[in-house]
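Visitor: Got a minute to walk me through this one? I'd like to start with the domains.
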Amino acid sequence: MALPLVGRAAPALDADAPLLDAREVAVEIGGRPILHAADLRVGTGELVAIVGPNGAGKSTFARAVAGLQRTAGGSVRWSGVDVAQLSGRQLAQLRAFVPQRSRVPEGVSVRDAVRIGRSPHVKPLGRLTRADHDAVERAIARAGVERFAERKLTTLSGGELQRVQIAVGLAQEAPLLLADEPTSHLDLGATATLAKLLRGLTADGLAVVLVVHDLSLAAAVADRVVVIARGRSVASGPPAEVLVRERLADVWQVDAALETRPDGHTALHVAWLGRTA
Amino acid sequence: MSAPPATRAAGGPAAGGEPAGPASSATAAGGPAGGPGAPPRRGPSVRQTVVVAVAAVALVAAAIGSMTLGAVHVPLSAVLDAVTGQAEDGPLKQIVLDLRLPRMVEALVVGAALGTAGALLQGALANPLASPDVMGVTGGASFGAMLILLLLPDQIALLPVGALAFGLLAAALVFAIAATGAGAGGVGRLVLAGIAMTAAFQAGTTSLMALFPERVQSAIFWLAGGLTTSGWSNLRVVWPYLAVGFVLALTLTRPLDRLALGDDVAASLGSRPRAIRLTAAVAAAMLAACAAAIAGLVTFLGLFIPHVVRMAAGTSSHTYVVPTSALAGAALMMVGDTLARTVAAPIELPVGPLMVLLGVPLFLWLLRRAT
């Protein structure tokens, strides 16, 4: 923060409360209601996918729970504490938000960027400690970006950049990582790499919230999916139970069926042009 | 502090179930020579250190020149005696303490203020063309200076007050327009409001000059930009604003680094992007208004110095660029002022155009080299 407020007592976090508990969240932008009532609960080590059609309010919902967007109603609690009571610094140590597309500044190396991600742990005007540098190196290794850690951001491919974004978030060492459509501009291989990375993070004990368009990807990686439609969360549960034919028809207006094989393959069978036979 | 070996195998919060990240394991196995990895560098690079060293040497050399050279040559030992209070009272001591020292300090703070202001604005607005000019500061300060020079020529002591007051007024109007109403706080709004306000004040300046053509002579020197030998009076007017500007700049370097990765990343890291942008613009406006109050229109420095620093040092990190721009700005201003006083003595060349002549070739050379 440019001008940190001093003397504000930090509210006590409740270790027994869910990491994130958002209920009936409503958002208005410019006086127009975008989100009416959306719920999301996330616990440690869980991967939750937020899915829904374009314009349904997925990204707005993700931004609202992350504290990036002011809410007009409902409640958002992080470890039992209302998001409005948390300082930016405290919030930054509870969740990392990875935007869909971020600015790619000139003259900044991958390692510089990940060090910037560590800044919530550094005192204002302070320097990175040895522990901070170690955390930066861990984030770089975990996201698999060591090979190009010295390169400038402007020289990276889309998939490499997205992994750097994750590394910036990981350097925050927050227990929950929220990623807004991280795969939407990536090719098949880069998407698979990122999916493995995000799923792997839950094995490390992190919670991951993923806003995603690709339903077969969501089904493959998520423990639970939350469906947002017309500004409301309309369903939540394991992918196979939630992404059923009737719901795909109701929410996306397509004739489609999700297939999940026990060997890890998933597929979405879509009648793209409507049923022809 | 000795650099410890890389500790990348330390693992995350629960490294036990390390799933195979294909990229990372491939790198670990087939890593380049150097085995488990050379420790990543933590301090500034050689190139960055060289840029700081060159600027520092130029600054010190120019400061020595500024104190010793002139109509009366004062030996360096006499300068040091005077500054440390060991000299006997006399004309030499007077020249050093009442004439040359204040002018040297003015060159120092004006150059540092403009370098800092440019670096802050270019970072906050994410625009390489941003300089104190776009905030309306320059236009406002010129109008304030012309009011005094043309309407109240007897009250010349008020010149820095007028320039400072109108420079800050113009910036305040720009903020008021940019920060209120629908779509408040956007970069585009701020820049357009600044351009409009600059145009309005420039029209006022031109009108004043047209109304008092016989007094325009005195205004030319101010518009060209340069320092005068006026003792400590200018600094007495502007120092509180300078101090606030420099302190804000110091607190802004890390927030600006976060902002460089985009508003959402900055917010993820706990910053408020609009607050950072507004604070940086306020600090830059204060610094630029102070610089204009002391030295007239030398604002080219604010656009140019941060680019030179970034291109020469090969980094855009604000924790490096902001202080180094202050140092490089001070060095260039002091070299320019010393040359302006001595090259064609006893004629004093205007510093503004001289610095542009010095700076543009360097700038264009770096621009051609940068990819």
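Guide: Sure, one term to begin with: two residues are in contact if their C-beta atoms, placed from the backbone, lie within 7 Å. Also, this is a predicted model, where local features need pLDDT of at least 70 and side-chain atom pairs count only at pLDDT 80 or more, while totals for chains, interfaces and linings use all residues. Residues are numbered from 1 along each chain as its sequence is written, and chains are lettered from A, ligands numbered from 1, in the order in which they are written.

Visitor: Which domains does chain A get in the assignment?
Guide: Domain 1 (15–94 + 174–240) and domain 2 (103–172); such bounds come from an automatic or database domain assignment.

Visitor: And how many residues of each are in contact?
Guide: In chain A, 12 residues of domain 1 are in contact with 10 residues of domain 2. On the domain 1 side, H6(A) gives the most, with four residues. Helices here are DSSP runs (H or I, at least four residues), numbered from the N terminus.

Visitor: Switching topic: where is Val244(A) found?
Guide: Val244(A) sits in the loop between helix H8 (239–242) and helix H9 (245–252) of chain A.

Visitor: Why does Val244(A) count as partly exposed?
Guide: Because Val244(A) has 14 C-beta neighbours inside 10 Å. Buried takes 20 or more other C-beta atoms within 10 Å, exposed 12 or fewer, and partly exposed is in between, with C-beta atoms placed from the backbone.

Visitor: How far is Val244(A) from Gln172(A)?
Guide: Their C-alpha atoms are separated by 37 Å, and the two residues are 72 apart along the chain.

Note on methods
Helices (H or I, at least four residues) and strands (E, at least two) are DSSP runs, numbered from the N terminus.
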